[in-house]
Amino acid sequence: FASSQVSDELPPASTSEEFAAIRTAEALASKGIEVLERRGDIMVVNKPFGVRMNGNFEVTVEKLIHALPGVKEVRFPHRLDFGTSGVSNLRCLSTTILNSFPHT
């Protein structure tokens, strides 16, 4: 999903899930958000200046990542301010992971 990978090099989508992943990758790249690493439910992103991490705004890192197939919830151990660029880690919880926790 790195911004350098989002181009005409992407294969055509054959399923709605693949199409959603491609559209999300394009949206991330258009805002300058680069996914540096994803392992399991942990994701590391490079956020540019002028993009909000979360909140009630039209475009946020949280909303774009939440649009990835299988991502049910996005959690931030820390956030970068609107005016700050840099690397941030987040946790992308799937429905399977959320259902494995006991409900209280």
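Here are some short exercises with worked solutions on the structure above.

This is a predicted model, in which local features need pLDDT of at least 70 and side-chain atom pairs count only at pLDDT 80 or more, while totals for chains, interfaces and linings use all residues. Residues are numbered from 1 along each chain as its sequence is written, and side-chain values use heavy atoms, with hydrogens and water left out.

**Exercise 1: the overall plan**

Find how many helices and strands the protein has, and in what pattern they follow along the sequence.

Solution.
- Start with the terms: helices (H or I, at least four residues) and strands (E, at least two) are DSSP runs, numbered from the N terminus.
- Next, the count: the protein has three helices and four strands.
- Then read along the sequence, and the pattern is α-β-β-α-β-β-α.
- Now look at burial, where buried means under 20% relative accessible area, exposed over 50% and partly exposed in between (1.4 Å probe, protein chains only). Of the 104 residues, 30% count as buried.
- Finally, take the surface, with accessible areas from the Shrake-Rupley method with a 1.4 Å probe, where for residues only the protein chains shown count as cover. The protein exposes about 6,500 Å², and carbon and sulfur atoms supply 51% of that area.

**Exercise 2: strand S2 and its partners**

Work out which strands pair with S2, and in which sense.

Solution.
- Two strands pair if DSSP finds at least two bridges between them.
- On one side of the question is S1, which pairs with S2 in the antiparallel sense over five bridges. Arg38 has Met43 in S2 as its bridge partner, and Val35 stands opposite Val45 in S2.
- The hairpin of S1 and S2 has two residues between the strands, and Gly40 there takes a positive phi near 60 degrees.
- Then comes S4: S2 and S4 also pair in the antiparallel sense, over six bridges. Here Asn46 has Val87 in S4 as its bridge partner.

Now say which side chains of S2 are buried.

Solution.
- Recall that in a regular strand the side chains alternate between the two faces of the sheet.
- In S2, Met43, Val45 and Lys47 point to one face and are buried.
- Ile42, Val44 and Asn46 point to the other face and are not buried.

**Exercise 3: two residues to inspect**

Decide whether Ser88 is buried or exposed, and list what Ser88 touches.

Solution.
- First locate Ser88 in strand S4, residues 86-93.
- Its relative accessible area is 1%, so Ser88 is buried.
- For touching, use contact, which means heavy atoms within 4.5 Å. Not counting residues up to four places away in sequence, Ser88 touches Met43, Val44, Val45, Met53, His78 and Leu80.

Do a similar check for Asp41, and find which side chain joins Asp41 in a polar contact.

Solution.
- Asp41 lies in the loop between strand S1 (34-39) and strand S2 (42-47).
- Asp41 has a relative accessible area of 16% and is therefore buried.
- A polar contact is a pair of N or O atoms within 3.5 Å; within protein, one must be able to donate a hydrogen and the other to accept it, and residues adjacent in sequence count only if both atoms are side-chain atoms. The side chains of Asp41 and Arg91 are joined by such a contact of 2.4 Å.

**Exercise 4: rings and a charge**

Find how many aromatic pairs there are, and which residues form them.

Solution.
- Rings of Phe, Tyr and Trp (its six-membered ring) pair if their centres lie within 6.5 Å; planes under 30 degrees apart count as stacked, over 60 as edge-to-face and the rest as tilted.
- The count by this rule is one aromatic pair.
- Phe49 and Phe82 form that pair, 6.4 Å centre to centre with 45 degrees between the planes, and it is tilted.
- Phe49 lies in the loop between S2 and helix H2 (61-66) and Phe82 in the loop between strand S3 (73-75) and S4, so the pair ties together parts that are 33 residues apart in sequence.
- Phe49 counts as exposed at 61% relative accessibility, while Phe82 is partly exposed at 38%.

Lastly, find which rings Arg52 lies over.

Solution.
- A charge sits over a ring if NZ of Lys or CZ of Arg is within 6 Å of the ring centre and within 35 degrees of the ring normal.
- Arg52 lies over the face of Phe57, at 4.0 Å from the ring centre.
- Arg52 also lies over the face of Phe82, at 4.2 Å from the ring centre.
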